[in-house]
Amino acid sequence: MKIESKITEAVKAIVEELYGQQVPDKMVQLQQTRPEFEGQITLVVFPFTKMSHKAPDATAQEIGERLVEKLPDVISKFNAVKGFLNLSISSRQWISLLQEIESNPKFGFVPVTDESPLVMIEYSSPNTNKPLHLGHVRNNLLGWALAQVMEANGNKVVKTNIVNDRGIHICKSMLAWLKWGNGETPETSGKKGDHLIGDYYVAFDKHYRDEVRELVEKGMDEEQAKQEAPLIKEAHEMLVKWEQNDPEVRGLWKKMNEWVYAGFDETYKALGVSFDKIYYESETYLEGKEKVEEGLAKGFFYRREDGSVWADLTSEGLDEKLLLRSDGTSVYMTQDIGTAKLRFQDYPIDKMIYVVGNEQNYHFQVLSILLDKLGFKWGKDLVHFSYGMVELPNGKMKSREGTVVDADDLIATMIADAKELSADKVNKLEGITDEEAQEIARIVGMGALKYFILKVDARKNMLFNPEESIDFNGNTGPFIQYTYARIRSILRKWNDEITLDEKAFEVELAEKEINLIQRLQGFEAAVKQAGQDYNPSCIANYCYDLVKEYNQFYHDFSVLKEEDKAKQQVRLMLSAAVGQVVKNGMGLLGIEVPERM
RNA sequence: GGUCUGGUAGCUCAGUCGGAUUAGAGCAACAGCCUUCUAAGCUGUGGGUCAUGGGUUCGAGUCCCAUCCGGAUCACCA
């Protein structure tokens with residue numbers, strides 16, 4: 001049993017004895033004692049002063065005396081400062097706690113059982129007309145990390161992806177390829193499939209803008225020119241053919257999408273993300289209509305004179321929302337309803353989490369209400385895991401202006417940088433093969449990228465400076481990985497020494513060591529909080545704080561050889577436990593930790 | 001304009017449920033530390049009106065209200 005739980009229970013009993021009142025757990029506020037005071041755990045007694053009718057310090061004194069009587073093995077002494085009751089915990093307690101942490105490889109995780117709720121997480125959700133960029137990277141990393149966190153909190157997790165594989169944007173790429181592609185394929189061009197298609201999308205846009213400009217020069221209104229340009233008309237014709245299942249168009253569409261998927265798979269693999277179930281919009285986009293008709297029949301929605309179907313959400317404080325166009329075709333919202341329907345057929349979903357940018361906050365607010373009205377039990381409290389945009393120093397990323405950061409380029413750059421950096425430190429890594437060096441560079445480069453993105457609060461917009469932002473010093477992934485590698489190095493040399501005997505329990509622990517154990521214990525809370533707030537960033541910051549504290553401690557470690565055996569064992573155990581927790585924490589973020597670097 | 005969201009050091013970011021006369025990291029600047037398990041590290045110095053004003057209370061960066069500034073969104077686009 002955790003030390004804090006023991007204390008919490010004892011305090012509750014004492015308060016009842018002394019003041020005759022039962023108090024809830026959360027009224028017993030325990031925190032780490034400030035370094036300038038004696039003790040390790042502090043009870044905040046202010047909440048109890050109203051019951052005791054005594055001054056804060058008198059109340060603290062009173063509770064302290066009873067605590068020592070009640071838990072003599074746990075609390076060695078106490079002191080009261082104002083309303084703060086500082087408790088000194090015996091070394092024996094700390095060391096057995098350490099032992100618990102070290103011996104449990106799943107420390108901090110709640111096991112998943114048959115009764116666990118099923119959480120579905122949708123993330124990534126790319127369009128198939130262009131390669132992934134930095135914004136997608138943030139989405140993918142957050143989605144993956146969140147899936148890990150939810151699982152660590154004892155949920156069954158299904159990771160899903162809805163691929164937007166149809167629509168006018170795909171037709172643009174297809175058309176451009178037909179016109180100017182000369183049958184180019186990923187094989188003949190040597191380009192990754194998604195980049196190849198992306199290039200044709202750009203080509204379309206360029207020619208299209210030329211056409212629009214020409215029309216405007218001839219005196220046409222710009223809005224009209226955008227509608228009338230031959231290329232866009234042709235693209236629309238292609239879309240109509242696609243919807244009519246024209247074999248030729250469908251064949252081309254299929255072929256080009258396969259190229260894109262092959263490209264995406266490479267990027268996903270490099271990012272270390274995967275999915276349990278992929279949905280394609282081409283297969284789900286018609287599904288929503290049925291549900292809308294159902295809602296119409298039940299009177300949730302209404303039809304206007306022109307035939308379009310709307311939901312009136314003004315009573316919810318929102319606007320009216322279009323669900324079916326006047327020509328009967330579906331819109332974005334309808335498709336999401338359809339996808340929800342299919343998903344619920346496939347899985348007994350208890351909770352649905354959508355990892356989608358904050359630009360769609362309104363959309364998901366509406367979707368939640370609509371799904372609820374349509375009878376999805378998880379609709380009302382679906383979670384829109386809404387993350388902020390990634391900004392560049394000169395503003396936002398805009399594909400049209402060429403200010404996007406391509407995911408594949410970024411990954412390659414990070415790994416190359418890591419390799420270059422480690423080349424300077426090559427003296428440390430004598431005797432490793434090129435393959436090993438490459439693998440370490442991959443782990444470190446990706447670690448830097450992932451940590452950089454995940455350490456920031458997901459909700460906030462973040463700034464990404466390609467030149468300066470990613471650093472391998474300071475609060476970074478490599479710093480944490482480096483510490484892990486050093487711990488592994490220590491353990492490789494000393495591993496046999498970790499066999500805690502009875503004598504070790506008598507070791508007097510230094511302040512720093514106790515702080516570290518307390519921090520290790522805090523991992524559980526960090527995981528729990530990340531699950532509650534749907535926010536992986538607190539895990540990242542936890543890992544950093546832990547490693548930072550360990551690193552400071554590490555400098556006193558050199559006396560190890562001269563220390564007595566028992567103290568060595570405790571310290572090695574402490575290192576092992578830190579390594580373990582770091583590995584668990586980074587694992588939740590999808591960041592690998594290297595054995596050496 | 002309505003709704004949502006953010007504002008903490010020159011820059012990028014933490015800050016748990018409201019807790020301790022002194023709000024933390026990193027980067028950048030300056031000064032130290034490599035015969036001892038990895039210096040991608042450690043130690044020190046300087047740098048703050050927690051946007052502004054009010055309120056709630058034993059106590060506010062944290063909660064409430066107002067104001068200022070930024071961002072998103074409010075399509076028969078996805």
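**Figure 1. Contacts by sequence separation in chain A of a predicted model**. Take the contacts in chain A with a separation of 6 or more: 74% of them join residues 24 or more positions apart. The chain has 597 residues, and 52% of them are buried. Its secondary structure comes to 21 helices and 15 strands. Along the principal axes, the C-alpha atoms fill a box of roughly 90 × 65 × 45 Å.

**Figure 2. Domains of chain A**. The chain is divided into three stretches: domain 1 (3-89), domain 2 (166-275) and domain 3 (407-588). Between the C-alpha centres of domain 1 and domain 2 the distance is 68 Å. Domain 1 and domain 3 each return in Figure 3, where both supply at least three residues to the lining of a pocket.

**Figure 3. The second largest pocket, with lining residues from domain 1 and domain 3**. Its volume is about 770 Å³. The lining holds 25 residues, and those closest to the pocket centre are Lys2, Glu4, Gln521, Gly522 and Ala525. Three elements give two or more residues each: helix H1 (3-19), strand S1 (29-32) and helix H19 (511-533). Which of them gives the most? H19 does, with 9 residues. By class, the lining of this pocket splits into 6 nonpolar, 12 polar and 7 charged residues.

**Figure 4. The loop that holds Tyr534**. This loop runs between H19 and helix H20 (537-554). Tyr534 is not a glycine, yet its phi is positive, near 50°. H19 is also the element that gives the most to the lining of the second largest pocket.

**Figure 5. The largest cavity**. How many cavities of 30 Å³ or more does the structure hold? The count is 1. The volume of the largest cavity is about 30 Å³. Its lining is made up of Ala448, Tyr451, Phe452, Lys455, Asp471, Asn475, Thr476 and Gly477. Helix H17 (residues 434-454) gives the most to this lining, with 3 residues. By class, the lining residues are 3 nonpolar, 3 polar and 2 charged.

**Figure 6. The largest nonpolar core**. This core has 155 residues. Phe48, Leu67 and Ile121 touch the most other members. Helix H21 (residues 565-588) supplies the largest share of the core, 12 residues. Another core lies apart from it. That second set has 34 residues, including Ile162, Leu323, Leu324 and Leu374.

**Figure 7. Surroundings of Ile121**. Neighbours within four places in sequence are left aside here. One run of contacts falls at Gly143, Leu146, Ala147 and Met150. Val157, Val158, Lys159 and Thr160 are also in contact with Ile121. So are Ile353 and Val355. Ile121 is one of the residues that touch the most other members of the largest nonpolar core.

**Figure 8. Ser124 and its loop**. The loop with Ser124 connects strand S5 (118-122) and helix H5 (134-152). Ser124 is not a glycine, but its phi is positive, at about 80°. Is Ser124 buried or exposed? It counts as buried, because its relative accessibility is 4%, under the 20% limit.

**Figure 9. His384 in strand S12**. The strand spans residues 383-387. With a relative accessibility of 18%, His384 counts as buried; the cut-off is 20%. Leaving aside neighbours within four places in sequence, His384 is in contact with Tyr354, Val356, Gly357, Gln360, Asn361 and Phe364. His384 and Thr160 are 224 residues apart in sequence. In space, their C-alpha atoms are 14 Å apart. Thr160 is also among the contacts of Ile121.

**Figure 10. His363 in helix H15**. The helix covers residues 361-373. Why does His363 count as buried? The reason is its relative accessibility of 7%, which is under 20%. Beyond its neighbours within four places in sequence, His363 is in contact with Tyr332, Met333 and Asp336.

Definitions and conventions
Residues are numbered from 1 along each chain as its sequence is written. Chains are lettered from A and ligands numbered from 1 in the order in which they are written. This is a predicted model: local features need pLDDT of at least 70, side-chain atom pairs count only at pLDDT 80 or more; totals for chains, interfaces and linings use all residues. Side-chain values use heavy atoms; hydrogens and water are left out. On a 1 Å grid over the protein atoms alone, a cavity is a set of points where a 1.4 Å probe fits but cannot get out, and a pocket is an open set with protein on both sides within 12 Å along at least five of seven lines; lining residues have an atom within 4 Å of a point. Grid points are joined across faces, edges and corners, and a volume is the space filled by probe spheres set on the points. Helices (H or I, at least four residues) and strands (E, at least two) are DSSP runs, numbered from the N terminus. Ala, Val, Leu, Ile, Met, Phe, Trp, Tyr, Cys and Pro count as nonpolar, Asp, Glu, Lys and Arg as charged, and the others, Gly among them, as polar. Domain bounds come from an automatic or database domain assignment. A nonpolar core is a set of buried Ala, Val, Leu, Ile, Met, Phe, Trp, Tyr and Cys residues joined through side-chain atoms within 4.5 Å. Buried means under 20% relative accessible area, exposed over 50%, partly exposed in between (1.4 Å probe, protein chains only). Contact means heavy atoms within 4.5 Å.
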